[in-house]
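Here's a quick tour of the fold for anyone about to open the viewer. Keep the coordinates up while you read, and click along as residues come up.

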Amino acid sequence: MATWGMVFDLRRCIGCNACAVACKQENSLPDGVFFTKTLSEEVGEYPDVTRSYVPTICNHCEDAPCESACPTGATYTRPDGIVMVDRNKCIGCGTCIVACPYDQRTRLEPEMLHEGLFGGGRLTPFEEQGIGRFTVGTVVKCTFCHERVDAGQLPACVATCPTEARIFGDLDDPASRPRQLILERRGRQPLPEKNTNPRVFYID
């Protein structure tokens, strides 16, 4: 059994947000909901200014605080390490949102599902075909595109990235590209002081 994880190569990320667009489309995400974002920061002073980009996503932590905090067992970890939310068990209490130190969970509010992707007050045909996967009042998050992964495909954000800044694979396989990059370039986990052991790593 694989243990899926992701590596973000900060040298390659150009902040194009193709990943966010692909994620929106793949998951039919409603207005105001993003499973991945790219943060940007300007460094230096004019005229010597550079911009750095930092992709963010659910880190699918081995010791996921969202899972231990969930009072109903709605949040659970699959054997392959992907952290999921069972919407049939989720009561929308928001405990997991508070528990996540990475701010990677969203509770679905009524206006998100009924005003349309662009707030036009009417769902587009694209939104209508995907709206059935969401339930008002429940919490949603990135699932590493688990359906694609189960079918042997890469997550949509990884498959779309034009610079290959996102690398996905089996962290338990010494020959996998993510594992090799983590070792060769000293991959680091976000907020290691939180002791969540994320399955997402950053390399410079």
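What follows is a short walk through sheets, cores, two individual residues and the cysteines.

Bear in mind that this is a predicted model. A good place to start is strand E1 (residues 4–9), which has five of its six residues buried and is therefore largely enclosed by the rest of the structure. E1 also sits between E8 and E9 in an open sheet of three strands, and it is one of the elements that supply at least two residues to the largest nonpolar core.

**The three-stranded sheet**

- The strand order is E8-E1-E9, and the pairing is mixed.
- On one side, E1 runs antiparallel to strand E8 (residues 166–170), with five bridges between them.
- On the other, E1 runs parallel to strand E9 (residues 200–203), this time with four bridges.
- To find the register with E8, look for Val 7, whose bridge partner there is Ile 167.
- Phe 8 is a handy marker for both neighbours: it stands opposite Arg 166 in E8 and opposite Tyr 202 in E9.
- E8 and E9 are the edge strands, each pairing on one side only.
- Ignoring direction, neighbouring strands in this sheet are turned by 25° against each other on average.
- Helix H8 (residues 177–184) lies across E1, E8 and E9, and runs at about 110° to E8.

**The hairpin**

- Strands E2 (residues 36–45) and E3 (residues 48–57) make an antiparallel pair with 10 bridges.
- Two residues make up the connection in the hairpin that joins E2 to E3.
- For a landmark in this pair, Lys 37 stands opposite Thr 56 in E3.

**Nonpolar cores**

- As background, nonpolar side chains tend to be buried together in soluble globular proteins.
- Here the largest nonpolar core has 25 residues, and those with the most contacts inside it are Met 6, Val 33, Phe 35, Ile 57, Phe 144 and Val 200.
- At least two residues of this core come from each of E1, helix H1 (18–27), helix H4 (110–114), helix H7 (156–160) and E9.
- There is also a second, separate core of 11 residues, and Cys 66, Ala 74, Cys 90 and Cys 100 are among its members.
- What does Met 6 touch, once residues up to four places away in sequence are set aside? Its contacts include Ile 57, Phe 144, Pro 155, Cys 157 and Val 158, along with Ile 167, Phe 168, Val 200 and Phe 201.
- Two arginines are on the Met 6 contact list as well, namely Arg 166 and Arg 199.

**Gln 104**

- Gln 104 is in the loop between H3 and strand E6 (106–107).
- Is Gln 104 buried or exposed? Its relative accessibility is 15%, so it falls under the 20% cut-off and counts as buried.
- The Gln 104 side chain reaches two backbone atoms: the nitrogen of Cys 58 at 3.4 Å, and the oxygen of Tyr 102 at 3.3 Å.
- Beyond its neighbours within four places in sequence, Gln 104 is in contact with Phe 35, Thr 56, Ile 57, Cys 58, Val 140 and Lys 141.

**Ala 99**

- Ala 99 belongs to helix H3 (residues 95–99).
- With a relative accessible area of 24%, Ala 99 is partly exposed.
- Outside the four places on either side in sequence, Ala 99 has contacts with Pro 65, Cys 66 and Ala 69.
- From Ala 99 to Val 136, the C-alpha distance is 21 Å, and the two are 37 residues apart along the chain.

**Cysteines**

- How many disulfides turn up in a search of the whole structure? The count is zero.
- For Cys 23, the closest cysteine sulfur is that of Cys 145 at 6.1 Å, so the pair is too far apart for a bond.
- Cys 23 is buried, at 7% relative accessible area.
- Cys 157 is in no disulfide either, and its nearest cysteine sulfur, also that of Cys 145, is 6.2 Å away.
- Cys 157 counts as buried too, with 6% relative accessibility.

Key: Residues are numbered from 1 along each chain as its sequence is written. This is a predicted model: local features need pLDDT of at least 70, side-chain atom pairs count only at pLDDT 80 or more; totals for chains, interfaces and linings use all residues. Side-chain values use heavy atoms; hydrogens and water are left out. Buried means under 20% relative accessible area, exposed over 50%, partly exposed in between (1.4 Å probe, protein chains only). Two strands pair if DSSP finds at least two bridges between them. Contact means heavy atoms within 4.5 Å. A nonpolar core is a set of buried Ala, Val, Leu, Ile, Met, Phe, Trp, Tyr and Cys residues joined through side-chain atoms within 4.5 Å. Axes are lines fitted to C-alpha atoms, for helices over the stretch in contact, and angles run from 0 to 180 degrees between N-to-C directions. A polar contact is a pair of N or O atoms within 3.5 Å; within protein, one must be able to donate a hydrogen and the other to accept it, and residues adjacent in sequence count only if both atoms are side-chain atoms. A disulfide is a pair of cysteine sulfur atoms within 2.5 Å.
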